[in-house]
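Here is a friendly briefing on one protein model, arranged by topic. Have the viewer open while you read.

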Amino acid sequence: MISFALSLVALILGYLFYGRLVEKIFHPDDRKTPAVAKADGLDYIVLPNWKVFMIQFLNIAGTGPIFGAIMGAKFGPVAYLWIVLGCIFAGATHDYLSGMLSMRNDGVGLPELVGKYLGEKVKTIALVFTVLLLLMVGTVFVYSPAEILHSLGGDTLMWICIIFAYYIIATLLPIDKIIGKIYPLFAISLLFMAAALMIVLLVKWPQLPELWTHLYNMGAEAQPEKWTDAIFPALFITIACGAISGFHATQSPLMARCVKSERMGRPIFYGSMITEGVVALIWATVASWFFYGSPAPGYELIAGADKGFYTSAPAVVNLVCNDWLGVAGAVLAMLGVVAAPITSGDTAFRSSRLIVAEWLKLNQRPIVNRFYICIPMFAVSIAMLFWQIQNPDGFNTIWQYFGWSNQALSVFTLWTITVYLVQKKKPFIITLIPALFMTTVCATFLFVSKQAFHLPLSVGYPLGGVCLVAAIVWFCVWYRKYQKNHQ
């Protein structure tokens, strides 16, 4: 628990000091924001700052900092290091600068930013990559909540139809009609759940593995015959939303179109990511007790948790909330595993609509233009959904590809921001190091993952190192050429 307390303090200090440094580097001012300059009553609408924060938090969070942190905790306390360092120096910096860069460019989506700073060819790749990622997010966040609702009553197909109907309405209507009204309530419920669990942890103060005594792959030690994932790169793909996630760069432009002042960027973009890191930290600690606690593992304290190390993340959420928080916990758990993924799904579709509209230069004020984009978009998602249902391991397959794609998208974003900082003669080191690290993570995972090349670590690690060297060489060559042409 000492590691948890120190990590919590580190996240707060990260917001207060490093967040201020990143803000100073970007230098927000009093220019008109897109919400004011391009107000259209549909996507560009000034919303109250507290509401923008809550919507941004729920947009980027969903179940990501819960499920990812629970699965990542199986590696041991090393998960704390990634949540803290990743969140402060990579994730929150990534979210803040991508949100502010969108705001400085009339609220455009990620592919447009990539095209402006990395070129049209890279923009095309990023466009396809981003839209496919968003469609995968929307698809995986239809089936899982429908299955849970089915256990409460009704047919799965019925719930799928209801969720899709909600997605269509939320994607088409102005952002303040549904998203602006219900998202803050769901965000408050997730924060209340996290706060309640933290109070329980502080009261019980269980004996947990600490960083200085268990800084190794505890999962491989606990179940060596089954737990074969290496800390690098698997941990950095498993815990995404609690540390850094490329999906966030698709969501920040939604709120960049609703912020009245650039000076609110740090609390909204950087602050919501730090808040998500706190939620991930709490759930990683709960899961650590669940899997490795002393004197008795946490799961032995909870009725019905009989699968131990291999209890799934949703099962941990349900068991912990019901046992620790009673009726209120059951309701919050249901919101966490049902409402949160649905809200992530609808903003994924909304982001996809806006990105495609920017690419086609199609005005979104006429509702018929929104239908032009949404009909084929939902048709593709439904096709993916039926493939997922017909394949026994369809959900896991799509989710694994989503996990890698998510982090790969953060690579696009970090390199885009790095080029922007170079062009503006600002300290680009703050995003260059995270860009190089995440490039190496994604490349190495591609080499060693069972879903890709599945090479042994003795081969995958050197190949990942080659990709790192190649990225450094590419950047140095580009930087020298840029400096020569702009002297």
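In which helix is I382 found? The residue I382 is found in helix α15, and the model it belongs to is a predicted one. I382 is partly exposed, with a relative accessible area of 34%. Its C-alpha atom is separated by 9.8 Å from that of I160, although the two residues are 222 residues apart along the chain.

**Aromatic pairs and the aromatic cluster**

- Searching the whole structure gives 27 aromatic pairs. One of them joins Y166 and Y167, with ring centres 6.2 Å apart and planes at 50 degrees, so this pair is tilted.
- Y167 is buried, and its relative accessible area is 0%.
- F349 and F378 pair with their ring centres 4.6 Å apart and their planes at 40 degrees, so they also count as tilted. This pair links distant parts of the chain, since F349 is in helix α14 (residues 313-360) and F378 in helix α15 (residues 367-390), 29 residues apart.
- Both F349 and F378 are buried.
- A pair of aromatic rings is described by the distance of the centres and the angle of the planes.
- One aromatic cluster is formed by W415, F428, W474, F475, W478, Y479 and Y482.
- A charge over a ring can be found at Y15: the charged end of R266 sits over this ring, 4.6 Å from its centre.

**The second largest pocket**

- The second largest pocket holds about 380 Å³ of space.
- Its lining has 17 residues, and those nearest its centre are L118, V122, V411, F412 and W415. The elements that give two or more residues to this lining are α6 (110-118), α16 (394-423), α17 (429-448) and α18 (457-485).
- Which element gives the most to the lining of the second largest pocket? That is α16, with six residues.
- By residue class, the lining of this pocket divides into 16 nonpolar residues, one polar and no charged.
- W415 appears twice in this briefing, as a member of the aromatic cluster and as one of the residues nearest the centre of the second largest pocket.

**Helices α6 and α12**

- Helix α6 has as its buried residues L110, P111, L113, V114, G115 and Y117.
- Just after α6 comes G119, which takes a positive phi of about 105 degrees.
- For helix α12 (residues 248-256), nine of the nine residues are buried, so the helix is largely enclosed by the rest of the structure. The buried residues in α12 are H248, A249, T250, Q251, S252, P253, L254, M255 and A256.

**Cysteines**

- How many disulfides does the count come to? The count comes to zero disulfides.
- A disulfide is a covalent bond between the sulfur atoms of two cysteines.
- Why is C374 not bonded to the closest cysteine? The closest cysteine sulfur, in C258, is 17 Å from the sulfur of C374, which is too far for a bond.
- C374 is buried, with a relative accessible area of 2%.
- C467 is in no disulfide either, and the nearest cysteine sulfur, that of C442, is 11 Å away. C467 is partly exposed, with a relative accessible area of 25%.

**Backbone points to check**

- Most residues other than glycine have a negative phi, and most peptide bonds are trans.
- The peptide bond from F232 to P233 is cis, and its omega is near 10 degrees. P233 lies in helix α11 (residues 231-238).
- W205 has a phi near 45 degrees, a positive value in a residue other than glycine. This residue W205 lies in the loop between α9 (179-204) and α10 (218-222), and at 36% relative accessibility it counts as partly exposed.
- K361 has a phi near 55 degrees, which is likewise a positive value in a residue other than glycine. The loop between α14 and α15 is the place of K361.
- Is K361 buried or exposed? At 72% relative accessibility, K361 counts as exposed.

Key. Residues are numbered from 1 along each chain as its sequence is written. This is a predicted model: local features need pLDDT of at least 70, side-chain atom pairs count only at pLDDT 80 or more; totals for chains, interfaces and linings use all residues. Side-chain values use heavy atoms; hydrogens and water are left out. Rings of Phe, Tyr and Trp (its six-membered ring) pair if their centres lie within 6.5 Å; planes under 30 degrees apart count as stacked, over 60 as edge-to-face and the rest as tilted. Buried means under 20% relative accessible area, exposed over 50%, partly exposed in between (1.4 Å probe, protein chains only). Helices (H or I, at least four residues) and strands (E, at least two) are DSSP runs, numbered from the N terminus. A charge sits over a ring if NZ of Lys or CZ of Arg is within 6 Å of the ring centre and within 35 degrees of the ring normal. On a 1 Å grid over the protein atoms alone, a cavity is a set of points where a 1.4 Å probe fits but cannot get out, and a pocket is an open set with protein on both sides within 12 Å along at least five of seven lines; lining residues have an atom within 4 Å of a point. Grid points are joined across faces, edges and corners, and a volume is the space filled by probe spheres set on the points. Ala, Val, Leu, Ile, Met, Phe, Trp, Tyr, Cys and Pro count as nonpolar, Asp, Glu, Lys and Arg as charged, and the others, Gly among them, as polar. A disulfide is a pair of cysteine sulfur atoms within 2.5 Å.
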